[in-house]
Amino acid sequence: ANDPLVVFTPSGKRGRFPVGTPILTAARQLGVDLDSVCGGRGICSKCQITPSYGEFPKHGVTAAADALSDWNAVEERYKSKRGMIEGRRLGCQAQVRGDVVIDVPPESQVHKQVVRKRAEAREIVMNPAVKLFYVEVVEPDMHDPSGDLERLRGALADQWQLSDLQIDLTTLQSLQPALRKGGWKVTCAVHLGSRAYRPRIMQVWPGFHDASIYGLAVDLGSTTIAAHLCDLQSGDVVASSGIMNPQIRYGEDLMSRVSYSMMNKGGADEMTAAVRAGMNALFDQIAGEAEIAKTDILDAVFVCNPVMHHLFLGIDPFELGQAPFALATSDSLNLTAAELDLQLHPSARVYLLPCIAGHVGADAAAVALSEAPEKSDDLVLVVDVGTNAELLLGNRDKVLACSSPTGPAFEGAQISSGQRAAPGAIERVEIDPVTKDPRFKVIGSDLWSTEDGFAEAIATTGITGICGSGIIEMVAEMRLAGILDGPGLIGSPAQTGTDRCILDGRTYSYLVWDGTADGGPRITVTNRDIREIQMAKAALYSGARLLMDKFGVDKVDRIVLAGAFGAHISPKHAMVLGMIPDAPLDKVTSAGNAAGTGARIALLNQSAREEIEATVRAIHKVETAIEPRFQEHFVNASNIPNAVEPFPILNS
Ligand code: FES
């Protein structure tokens with residue numbers, strides 16, 4: 001009872017320990033989160049702590065330092081080699097001498113919080129599936145014959161309480177040289193295992209492995225594939241990169257890829273090979289950027305929509321092209337990189353998040369993981385806008401999900417002057433309610449078209465078309481300026497008072513920009529374009545409205561727009577269009593690439609994988625195709641903003 005008292009901050013955990021107890025030992029006994037890769041041998045420096053207060057102050061020495069054993073040779077060696085922040089000690093070397101308060105700085109905590117990016121809704125706490133462990137292995141002995149692997153397993157069990165460890169043949173092949181080169185001291189990368197598979201030794205390095213290990217969070221979209229390379233020890237994103245999905249050449253949108261596979265023998269296999277090859281090219285690019293070897297990448301998490309999911313796995317997406325849209329599996333998958341032809345570490349693991357339903361994929365599950373509607377007190381509608389919009393509506397009580405076939409109009413496809421978001425594309429629009437003249441911004445410049453210097457600013461790109469967010473603003477502004485009526489018809493010059501309304505067949509088009517004099521295109525919005533946007537926005541709105549019906553509400557508390565496109569949409573214009581339900585504008589936020597964030601969470605925290613699996617099981621799936629109410633909502637929602645539902649908040 002008279003042993004010194006050791007208190008750890010920030011956890012507040014405390015206990016009495018005999019004089020001479022290493023701080024690391026005390027921390028472990030109390031369950032304090034203090035990192036160690038070398039197991040207290042003074043090699044890894046992961047255990048750094050700061051003594052902050054000791055009970056017996058002496059003149060000339062800080063009280064805290066006095067409550068610990070003196071600075072020792074191991075720390076001296078580490079400090080002279082690497083340097084150490086003033087006042088820090090190695091937790092495995094410093095021993096208890098008197099009552100002391102020990103602060104564990106964030107970088108010494110295993111389960112540290114990862115620094116959050118601005119748009120991210122939740123914090124990420126480190127709990128990766130793969131970790132490093134340094135061990136000293138007993139040398140072989142003629143009198144006690146046993147294999148090197150058995151002795152390594154024994155060391156990992158004794159020194160790290162790791163049991164039941166599997167090993168791949170490639171890792172086994174490198175085991176004996178590593179053990180001998182390291183003088184029977186090695187660092188192992190161990191996958192800690194999960195409900196789905198047993199723990200595994202993935203790599204053995206001779207001696208202390210003084211470098212990090214990495215993981216990939218991949219968002220496999222139908223248009224682009226984006227990846228974040230993360231340090232599995234610090235949680236930092238060390239590089240981010242993206243490429244176009246090479247499957248584009250088999251079809252712009254998902255359904256055309258599904259029909260390609262239906263119409264062409266071996267078509268699905270071709271697309272599988274293409275996406276995997278693209279993925280490997282992306283991995284080369286990202287590893288090159290971070291200056292690491294691809295073989296240092298030990299874990300990867302993938303999120304994607306159901307069709308991409310099947311094509312990536314080498315499963316024909318045929319069934320997803322027809323009712324009842326059965327998935328091969330909706331469960332999460334634990335696979336190896338090798339079986340997917342991914343050139344990472346030979347033992348690297350791949351985790352795919354579960355799919356929610358036939359049209360609501362692992363990407364929507366990742367959005368759910370990142371936005372956590374099931375933890376929200378207020379009712380939140382999360383909309384991932386794409387060619388297939390995925391919607392989640394929920395709060396603590398329940399979460400509903402559906403998808404809605406918006407088509408590619410929001411990506412600028414099937415719009416006469418539509419284009420992808422790229423330099424030269426109109427992305428912001430305002431139309432003067434009196435003159436009916438537009439002014440706009442083009443990707444690549446910060447100036448409005450009416451400002452001085454605009455012509456010079458866009459000299460290299462020109463004005464080439466209208467991107468998805470631009471077309472939404474355009475149509476909404478046309479409606480606000482009275483160029484367009486509620487049913488979606490562009491008025492004549494007599495009705496609108498502007499010559500920009502030009503007769504085009506039997507309907508009118510609105511002239512935005514006539515660049516023909518400079519050899520550029522003539523950019524107009526036709527009545528057909530308006531139709532496309534009406535269909536797309538009506539589909540999106542009807543999906544949201546259907547979920548609201550099922551929830552038994554007629555308004556939502558807040559709306560989150562997810563996805564790269566969602567980040568660019570102006571909430572006001574989306575609401576003027578009646579694309580999303582009426583809500584206070586300050587309650588409509590953008591979550592950026594929420595699917596990518598969800599993938600990163602699952603990569604860095606293994607328990608988040610179990611969490612999302614449970615959440616997905618609990619989500620109520622709503623199939624829009626069989627809901628008669630969907631059609632009804634769709635018809636009403638074709639009007640701008642809506643034929644029957646007022647938008648009181650927007651109009652107030
Ligand atoms: Fe590795 Fe202290 S535990 S240096």
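1. In this predicted model, alanine 389 stands opposite serine 404 in strand S20. The two strands concerned are S19, residues 389–394, and S20, residues 399–404. Their pairing is antiparallel and extends over 6 bridges.

2. S19 and S20 belong to an open sheet of 6 strands, in which the order is S28-S27-S18-S19-S20-S29 and the pairing is mixed. Which strands stand at the edges of this sheet? They are S28 (588–592) and S29 (620–621). Each has a single partner strand, so one side of each is left without a neighbour in the sheet.

3. A second antiparallel pair consists of strand S21, residues 425–431, and strand S22, with 5 bridges between them. Within this pair, isoleucine 426 is placed opposite valine 442 of S22. The hairpin that S21 and S22 form has 6 residues between the strands, and lysine 436 in this hairpin adopts a positive phi near 65°.

4. Strand S22 (residues 438–442) deserves a separate remark on its side chains. Which of them are buried? Pro438, Phe440 and Val442 are buried and point to one face, whereas Arg439 and Lys441 point to the other face and are not buried. In a regular strand, side chains alternate between the two faces of the sheet.

5. As for the chain as a whole, the domain assignment lists domain 1 (5–108), domain 2 (113–206), domain 3 (229–352), domain 4 (363–406 + 539–651) and domain 5 (417–525). Domain 4 is thus given as two segments, 363–406 and 539–651. Between the C-alpha centres of domain 1 and domain 3 the distance is 45 Å.

Terms used. Residues are numbered from 1 along each chain as its sequence is written. This is a predicted model: local features need pLDDT of at least 70, side-chain atom pairs count only at pLDDT 80 or more; totals for chains, interfaces and linings use all residues. Side-chain values use heavy atoms; hydrogens and water are left out. Buried means under 20% relative accessible area, exposed over 50%, partly exposed in between (1.4 Å probe, protein chains only). Helices (H or I, at least four residues) and strands (E, at least two) are DSSP runs, numbered from the N terminus. Two strands pair if DSSP finds at least two bridges between them. Domain bounds come from an automatic or database domain assignment.
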